[in-house]
Amino acid sequence: NVSLRELFLPGTHCSGCYQTRNNVGNVFLKKIGFRQSLDVWSQLVFGVRYLDFSIGYYPSHNGTRNFWIMNEHFRVASLGPILQDIRRFVILSEETVFLDFRRFPLGFHNNPEQHEALLALLDQELGDLVYRRQFLASDEVETLDADGESYNLTLGDMRREGKYILITYNHEASLNGKSSEHNGQSTSVSISDYPIVAWLLWQ
């Protein structure tokens, strides 16, 4: 039962960038290339346990929020069905899956409310299955070293809590509650509002 820092996980890059019936005719995607030949469900079935996502926000015609899997600056597929496939796989298999939300190339710049909405969506779709990191007081964080919680966490620790998904999210302001300027006003999105995210120390 090794710690996370000792794990070697099979994973894919641009995990959601594959051809579907909805994007098969997109000449731009064909030009830059679909990164995967299998959909996320099939990747998980064949043993992938680390999924890498680049997310964009693009409003629909009726004003609802839409989050998309991106390849560079091109929309590939809607995020919602992929989250549902991940949920279904984890419930059926009780296997641990790591989700890395690393890039936000469309619709997020100077729009912290989009991060807030995306974190809320992740919580809505996957929240009951996600390991939630314990938050430390500021003085504890300052003294935290390489033997801290994120390094010592094991899959067994997660499973004993009935949790099978670990999410990392690469947006420091959202995770640390730092303020940013938006339309002349200071805004902040705090990880404490969405404790679904486990921000690993090596990120």
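Buried means under 20% relative accessible area, exposed over 50%, and partly exposed in between. Keep those cut-offs handy for the exercises below, and remember that this is a predicted model.

**Exercise 1. Sort the two ends of a salt bridge**

Take the salt bridge between R49 and E95 and work out whether each partner is buried, exposed or partly exposed, and which parts of the chain the pair ties together.

*Solution.*
- Start with the contact: the side chains of R49 and E95 come together in a salt bridge, at 3.4 Å from N to O.
- Next, place the residues. R49 sits in the loop between α2 (40–45) and β2 (50–57), and E95 in the loop between α3 (79–93) and β5 (97–106), so this pair ties together parts that are 46 residues apart in sequence.
- Now apply the cut-offs. R49 has 13% relative accessibility, so it counts as buried.
- E95 comes in at 31%, so it counts as partly exposed.

**Exercise 2. Two other salt bridges**

The structure holds seven salt bridges. Go through D100 with R102, then D157 with R160, and give the accessibility class of each residue.

*Solution.*
- D100 and R102 form a salt bridge whose closest N and O atoms are 2.7 Å apart.
- D100 is buried, because its relative accessibility is 1%. R102, with a relative accessible area of 31%, is partly exposed.
- On to D157 and R160, whose side chains meet at 2.6 Å, N to O.
- Both residues lie in helix α7 (residues 155–160), and they are three residues apart, about one turn of the helix.
- D157 is partly exposed at 26% relative accessibility, while R160 reaches 62% and counts as exposed.

**Exercise 3. Two cysteines, no disulfide**

Why do C14 and C17 not form a bond?

*Solution.*
- Recall the chemistry: a disulfide is a covalent bond between the sulfur atoms of two cysteines.
- The cut-off for this step is 2.5 Å between the sulfur atoms.
- Look at C14: the closest cysteine sulfur is the one in C17, and it is 4.4 Å away, so that is too far for a bond.
- Going the other way gives the matching result, since C17 has its closest cysteine sulfur in C14, at 4.4 Å.
- Both cysteines are tucked out of reach by the accessibility cut-off: C14 is buried at 9%, and C17 is buried at 1%.
- A search of the whole structure agrees, finding zero disulfides.

**Exercise 4. Follow the aromatic rings**

The whole structure has seven aromatic pairs. Describe the pair F53 and F101, then the pair F104 and Y169, and say which residues form one aromatic cluster.

*Solution.*
- F53 and F101 make a tilted pair, 5.5 Å from centre to centre and with 35° between the planes.
- This pair links distant parts of the chain: F53 is in strand β2 and F101 in strand β5, 48 residues apart. Both F53 and F101 are buried.
- F104 and Y169 are also an aromatic pair that is tilted, with 5.0 Å centre to centre and 40° between the planes.
- F104 belongs to strand β5 and Y169 to strand β6 (residues 165–169), so the pair ties together parts that are 65 residues apart in sequence.
- For burial, F104 has 16% relative accessibility and counts as buried, and Y169 counts as buried at 0%.
- Put the rings together: F53, Y57, F67, F101, F104, F108 and Y169 form one aromatic cluster.

**Exercise 5. Charges over rings**

Find which ring lies under the charged end of R75, and which under that of R88.

*Solution.*
- For R75, go to Y58: the charged end of R75 sits over that ring, 3.7 Å from its centre.
- For R88, go to W41: here the charged end is over the ring at 3.8 Å from the centre.

**Exercise 6. Step back to the whole chain**

Summarise the chain by its helices and strands, its buried share, its contacts and its exposed area.

*Solution.*
- The chain has eight helices and eight strands.
- Of its 203 residues, 44% are buried.
- Among contacts with a separation of 6 or more, 72% come from residues 24 or more positions apart.
- About 10800 Å² is exposed, and carbon and sulfur atoms supply 49% of that area.

Notes. Residues numbered from 1 in each chain as written. Predicted model: local features only at pLDDT ≥ 70, side-chain atom pairs only at ≥ 80, totals over all residues. Heavy atoms only, no water. Buried < 20%, exposed > 50% of the residue type's maximum accessible area, 1.4 Å probe, protein only. Salt bridge = Lys/Arg side-chain N within 4 Å of Asp/Glu carboxyl O. Helix = DSSP H or I, 4+ residues; strand = E, 2+ residues; numbered from the N terminus. Phe/Tyr/Trp six-rings, centres within 6.5 Å; stacked < 30°, edge-to-face > 60°. Lys NZ or Arg CZ within 6 Å of the ring centre and 35° of its normal. Contact = heavy atoms within 4.5 Å. Areas by Shrake-Rupley, 256 points an atom, 1.4 Å probe, with all protein chains shown as cover.
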